[in-house]
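This report walks through one structure for a reader who has not met it before. It begins with a single helix and then moves outward to the surroundings of that helix.

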Amino acid sequence: MAREVVVGLLALGLFSMTQPAEARVSTGAQELVLSAFAPLVGKRVGLLTNQTGRVGKAHLADLLANAPDVELVKIFAPEHGFRGRIEAGAKVADGRDPRTGIAVTSLYGKTKAPTQRMLRGLDVLVFDIQDVGVRYYTYISTMGLAMQAAARAGIPFIVLDRPNPLGGEYISGYVLEKRHSSFVGMYPIPIVHGMTVGELARMIKGERWLDGLARLDLQVIEVRNWRRGDRWGMDRGDWVETSPNIPTFEAALVYPGIGIVGLTTLNEGRGTPTPFSSFGAPWLDAAGAVRRLSRAGLPGVRFMPDRYTPRAIPGVAADPLYRGRRVNAVRLTIRDIDTYRPLETGIHALVEGLQQATQRNKRRFVRQRRMFTLIAGTRRLRRDLEAGRSAATIIRSWQREVDAFRKRRAPYLLYD
C-alpha cells in the first residue's frame with residue numbers, strides 16, 4: 001500500500017497500524033471510498049443520508065463534495081434530519097449544509113418520498129444510513145420510497161450497506177399485516193427482521209412489495225468482514241447516534257422491545273440519559289416486577305429496581321411521560337449481547353406492566369392504541385395482552401410466521 005494512501009486512510013480512521021485492514025469490518029461507504037468512488041465517477045450524485053453516514057472520522061457528504069470527477073448535487077434527509085438533531089415525529093425542514101454548501105431536501109416534511117422534480121438532473125441516488133434492524137424504525141421506509149422514485153426517474157439506486165446491530169440471525173415478532181401498513185411499517189416482515197439495509201432493499205425489489213421497482217437498477221456495495229452471527233461487529237466506539245434516543249449500541253439493542261413499552265402508561269426511559277434501558281411509572285411495584293421478570297429466565301439480561309425522574313431534554317424528549325415526577329422503575333443491564341432477546345424481553349415487560357395496571361384499576365394501559373397496532377403490525381398483540389395471555393404464549397404465537405419469513409428472505413441474503 002502506497003505511503004500516501006496509508007496516510008489518507010489513517011486520517012479517515014479506515015486503517016489501523018495494529019490491526020490488518022483485511023480483518024476489520026468495512027462498511028459499504030468505506031468500500032466506496034477505498035475504490036476511489038469508482039461507481040460514481042463522472043456522475044451527478046444525490047445522497048440520502050444523515051449523521052450516521054460516516055467514513056471513519058469523516059462524513060461521506062464531505063468526502064463526496066471534495067472527490068475529483070464526482071459532483072454531489074443534492075443531499076436528502078430522513079426523519080431526525082441530516083445531522084440527526086430533531087426529535088422523533090417532528091417535521092424536518094429543507095436547508096443547506098453549511099460545510100459543503102449543498103442543498104438539503106427533507107424527506108420528513110411536506111413529502112416522505114423524493115419527487116421527480118427533486119431528482120431532476122441526477123445520474124444516481126445513493127443511500128447511506130445506519131439502521132437498527134427494527135421494522136418500525138422509519139429509515140427503511142424512506143429507503144423504499146426513494147427506490148420507487150429512482151425507478152420512476154430511470155436512475156440507479158446504490159445502497160452502501162452497513163451491519164445490522166441486532167445481527168443477521170435473530171428474527172422475532174409478528175409479520176406486518178397489510179391492512180396495518182404505514183410509514184412505521186411498510187413491508188410484510190417481522191418486527192426484528194435480521195437483514196441489512198442492502199439485503200432488505202434486494203427483498204423489497206424482488207418481492208415487489210412496492211410498485212414500479214421491476215426496472216430499478218439496484219446496486220449494493222457490501223460490507224466486508226461482517227458475519228450474520230455478529231450483532232454489531234464493529235468497535236463500540238464506532239457507533240454513531242442513529243437518532244436522538246438511540247445514542248449508543250446498547251440503546252439500539254434494547255430498543256425493539258422497550259420501544260413498544262413506551263406506547264403504554266409506562267415511561268420507557270425517555271427523558272433520561274439512558275432511553276430504553278428502563279421502564280416504570282409512579283404506581284409501579286418495581287421490586288415485585290424485578291422478582292417476576294428475573295424468575296422468567298430471560299437470557300442475557302439482569303433486572304434491577306431503580307427510580308428516576310424524567311426531564312424535558314430539548315431535541316430528544318420535549319415532553320416525556322411523567323415529566324418531573326418520580327418513577328419507580330425496572331432497569332435492564334445487558335450481561336450477554338449475543339444471547340439477549342430484546343423483543344421477548346419487551347413482551348414480558350408489557351405483560352408485567354398490564355397486570356400491575358389492572359391490579360391498580362388503571363383504566364387504559366395502552367396509551368397510544370393506533371400507534372401500538374401500527375408498531376406491532378397487528379391487533380393481535382393488544383388483544384392477547386387484554387385477554388390475559390402469558391408472555392410465553394404471545395411469543396409462541398408468531399413463531400410460524402417467523403419461520404416462513406426466514407425461508408422467504410433466504411435468496412436475498414448477502415452474508416454468511
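## A covered helix and its surroundings

In this predicted model, helix H7 is mostly covered, with twelve of its 13 residues buried. The helix spans residues 249–261 and reaches 19 Å from its first C-alpha to its last, which is close to the 18 Å expected at 1.5 Å a residue. H7 nevertheless has a kink of about 65 degrees at Tyr255, shortly before the proline Pro256. Both Tyr255 and Pro256 belong to the buried residues of H7, among which are also Phe249, Leu253, Val254, Ile258 and Ile260. The elements that cover these buried residues include two strands, S10 (278–281) and S12 (327–334), together with the helices H9 (342–359), H10 (369–376) and H11 (380–386).

Helix H10 can be described from its own side as well. Its residues Phe372, Thr373, Leu374, Ile375 and Ala376 are buried, and the buried residues of H10 pack against H7, H9 and H11. After H10 comes Gly377, which has a positive phi near 85 degrees.

**Cores**

The largest nonpolar core holds 110 residues, and those with the most contacts inside it are Met143, Phe157 and Leu381. A second core, separate from that one, has 26 residues, including Leu32, Ala61, Val124 and Leu160. Once neighbours within four places in sequence are left aside, Leu381 is in contact with Tyr174, Ile260, Ile347, Leu350, Phe372, Ala376 and Ile394. Of these partners, Ile260 is one of the buried residues of H7, while Phe372 and Ala376 are among the buried residues of H10.

**Pocket and cavity**

The largest pocket contains about 810 Å³ of space. It is lined by 37 residues, of which Glu79, Ala88, Gly89, Leu263 and Arg270 are the closest to its centre. H7 and H10 each supply at least two residues of this lining, and H10 gives the most, with three residues.

The structure also holds one cavity of 30 Å³ or more, and about 40 Å³ of space lies in the largest cavity. The residues that line this cavity are Gln130, Asp131, Gly133, Arg162, Pro163, Asn164, Pro165, Met195, Thr196 and Val197.

**Individual residues, buried and exposed**

Several single residues can be set side by side by their relative accessibility, as the table shows.

| Residue | Relative accessibility | Class |
|---|---|---|
| Asp97 | 1% | buried |
| Val402 | 2% | buried |
| Asn225 | 25% | partly exposed |
| Arg208 | 65% | exposed |
| Arg85 | 67% | exposed |

Asp97 is placed in the loop between strand S5 (95–96) and strand S6 (103–106). Because its relative accessibility is 1%, under the 20% cut-off, Asp97 counts as buried. Not counting residues up to four places away in sequence, Asp97 touches Asp62, Ile75, Phe82, Arg83, Ile102 and Val104.

Val402 sits in helix H13, residues 399–409. Apart from its neighbours within four places in sequence, Val402 is in contact with Ile171, Ser172, Gly173 and Pro190. Val402 and Ile191 are 211 residues apart in sequence, and their C-alpha atoms are 9.7 Å apart in space.

Arg85 lies in the loop between strand S4 (71–77) and S5, and Arg85 is exposed because its relative accessible area of 67% is over 50%. Leaving out residues up to four places away in sequence, Arg85 touches His80, Pro244 and Gly315. Arg85 and Pro244 are 159 residues apart along the chain, with 6.4 Å separating their C-alpha atoms.

**Positive phi values**

Most residues other than glycine have a negative phi. Arg208, which is not a glycine, has a positive phi of about 55 degrees, and Arg208 is found in the loop between helix H6 (197–206) and strand S9 (218–221). Asn225 likewise has a positive phi, near 75 degrees, in a residue other than glycine, and Asn225 is found in the loop between S9 and H7. Arg208 is exposed, whereas Asn225 counts as partly exposed.

Notes
Residues are numbered from 1 along each chain as its sequence is written. This is a predicted model: local features need pLDDT of at least 70, side-chain atom pairs count only at pLDDT 80 or more; totals for chains, interfaces and linings use all residues. Side-chain values use heavy atoms; hydrogens and water are left out. Helices (H or I, at least four residues) and strands (E, at least two) are DSSP runs, numbered from the N terminus. The expected span of a helix is 1.5 Å times one less than its number of residues. The bend at a residue is the angle between axes fitted to the seven residues ending there and the seven starting there. Buried means under 20% relative accessible area, exposed over 50%, partly exposed in between (1.4 Å probe, protein chains only). Contact means heavy atoms within 4.5 Å. A nonpolar core is a set of buried Ala, Val, Leu, Ile, Met, Phe, Trp, Tyr and Cys residues joined through side-chain atoms within 4.5 Å. On a 1 Å grid over the protein atoms alone, a cavity is a set of points where a 1.4 Å probe fits but cannot get out, and a pocket is an open set with protein on both sides within 12 Å along at least five of seven lines; lining residues have an atom within 4 Å of a point. Grid points are joined across faces, edges and corners, and a volume is the space filled by probe spheres set on the points.
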